Amino acid sequence: MAVPSIVGIRPEEEWNGLNAIVDGYTGTLYIQPDGEFLKEYEIRRNADIEEREELLKLRHQKDETADGHKVPIYANIGNLDDLNSVLYYEAAGIGLLRSEFQYLGRENYPSEEELFAAYKRVAQTMGEKKAVIRTVDLGADKQAKYLKIPEETNPIMGNRGIRLCLDRREMFKVQLRAIYRASVYGHLALMYPMIDSMEEMDAIEQILDEVRGELDEKKQPYQEIPKAIMIETPAAVMISEELARRVDFLSLGTNDLTQYTLAMDRQNPLLREKYNDHHPAVLKMIQMVVDAGHKNGRKVYICGEIAADTKLTHTFIRMGVDGLSVVPACILPVRRAVRNTDLTEGKD
């Protein structure tokens, strides 16, 4: 939304009615700043506005390096309102549509028709561009009352993502039918979260056979669509070569992969200074997955927040990452970083 914001600060009653500066870059809130400080931040704010105007010049530019290597930049979105931003910043497509918005904040399961209408709109809006829909990633940390998901001591490590979907097969099948039905209106792809075993892939493929059979029986049209796995656990990294053979492409969900690798909850404020998404182990895992995917002729993308870290753009491209998926507001900064990369530099 391009609104400076900070999380993790508890407001104080005496702040009411006072002026403040919100520095979203440093995560700092300044209460009742003096005149000189205000002048300094007004200069910074104007520089930020100029920076954004410069970035807007890249809206119509290609996602490729200075030496012509194509690195498409996709968008991560969490609801249908974000579709306009995807088009405005001219993303290559949608690399991750988080479908939880259709299940949360309501009193009952969404119907197949509700889901179908949403996916149809996504497909039609994106036209020739690919839109990757991640199947619903619910769990004890993301639920509504009607879901009746039992509380867990550690929901991040619990029965979530594909694990929950395989437990609630009818819920899963309703979503899959809706996605398949919407596939005839554009270029949709399926992506499964929290995969860490071949047995899960076997179960998914069995359910997909049932879904296609049900659609055939009702004579409802659909297209065969690309399938993908989110690599989010060290287990998935270690068997990524085998997993790559079961799908059409891989996508690294580095938010969860990092916290599982470091054994640190990324939302724990006590670990803020210790949590390091640039950790060598994380980068080595990314390289392992890229190599495993390419060995099997599969493209590998990054859709975690680290994809928007422009300090790593050059590193990712040299690793062989085939594309990056970021929140819409980060598309242009990442596009600039891609365009400023030259893979021929340092070569004889």
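Q: Which residues of α6 do Arg169, Phe172, Lys173, Leu176, Arg177, Tyr180 and Arg181 in α5 meet?
A: This is a predicted model, in which local features need pLDDT of at least 70, side-chain atom pairs count only at pLDDT 80 or more, and totals for chains, interfaces and linings use all residues. Residues are numbered from 1 along each chain as its sequence is written, and side-chain values use heavy atoms, with hydrogens and water left out. Helices (H or I, at least four residues) and strands (E, at least two) are DSSP runs, numbered from the N terminus, and contact means heavy atoms within 4.5 Å. On the α6 side, the residues met by α5 are Ile204, Gln206, Ile207, Leu208, Glu210, Val211, Arg212, Glu214 and Leu215.

Q: How many nonpolar, polar and charged residues does the contact of α5 with α6 have?
A: Ala, Val, Leu, Ile, Met, Phe, Trp, Tyr, Cys and Pro count as nonpolar, Asp, Glu, Lys and Arg as charged, and the others, Gly among them, as polar. By these classes, the contact of α5 with α6 comprises eight nonpolar, one polar and seven charged residues.

Q: Are α5 and α6 parallel or oblique to each other?
A: Two packed helices are described by the angle between their axes and the distance between the axes. Axes are lines fitted to C-alpha atoms, for helices over the stretch in contact, and angles run from 0 to 180 degrees between N-to-C directions. For α5 (residues 169-182) and α6 (residues 198-217) the angle is about 60°, and the axes are 10 Å apart. Angles under 35 degrees count as roughly parallel, over 145 as roughly antiparallel, 65 to 115 as roughly perpendicular and the rest as oblique, so α5 and α6 are oblique.

Q: In which crossing, left-handed or right-handed, does α3 pass α5?
A: Helix α3 (residues 112-126) packs with α5 at an angle of about 35°, with axes 8 Å apart. A crossing is left-handed if the near helix is turned anticlockwise from the far one by less than a right angle, and right-handed if clockwise. The crossing of α3 past α5 is right-handed.

Q: How many charged residues does the contact of α3 with α5 have?
A: From α3, Glu112, Glu113, Leu115, Phe116, Tyr119, Lys120 and Ala123 meet Val174, Gln175, Arg177, Ala178, Ile179, Arg181 and Ala182 in α5. By class, this contact of α3 with α5 has eight nonpolar and one polar residue, and the number of charged residues is five.

Q: How many disulfides does a search of the whole structure find?
A: A disulfide is a pair of cysteine sulfur atoms within 2.5 Å. The closest cysteine sulfur to that of Cys303 is in Cys330, 14 Å away and therefore too far for a bond. The number of disulfides found in the whole structure is zero.

Q: Which of the classes buried, exposed and partly exposed applies to Cys330?
A: Buried means under 20% relative accessible area, exposed over 50%, and partly exposed in between (1.4 Å probe, protein chains only). Cys303 is buried, at 3%. Cys330 has 23% relative accessibility and therefore counts as partly exposed.

Q: Which elements are among those that cover the buried residues of α12?
A: In α12 (residues 331-339), the buried residues are Ile331, Leu332, Val334, Arg335, Ala337 and Val338. Their cover includes α1 (35-56), β3 (73-77), α11 (313-319) and β10 (323-326).

Q: Which residues does Thr341 touch, not counting residues up to four places away in sequence?
A: Thr341 lies in the segment after α12 and is buried, with a relative accessible area of 4%. With that sequence limit applied, Thr341 touches Thr65, Ala66, Asp67, His314 and Ile317.

Q: Against which elements do the buried residues of α9 pack?
A: Eight of the nine residues of α9 are buried, so this helix is largely enclosed by the rest of the structure. The buried residues are Thr254, Asn255, Asp256, Leu257, Thr258, Gln259, Tyr260 and Leu262. They pack against β4, β7 (227-231), α7 (234-238), β8 (249-252), α10 and β9 (299-302).

Q: What positive phi does Ala263 take just after α9?
A: Ala263 is in the loop between α9 (254-262) and α10 (280-295). At 71% relative accessibility, Ala263 counts as exposed. Its positive phi is about 55°.

Q: What is the relative accessible area of Met194, which has a positive phi although it is not a glycine?
A: Met194 lies in the loop between β6 (187-192) and α6, and its phi is about 65°. Met194 is buried, with a relative accessible area of 0%.
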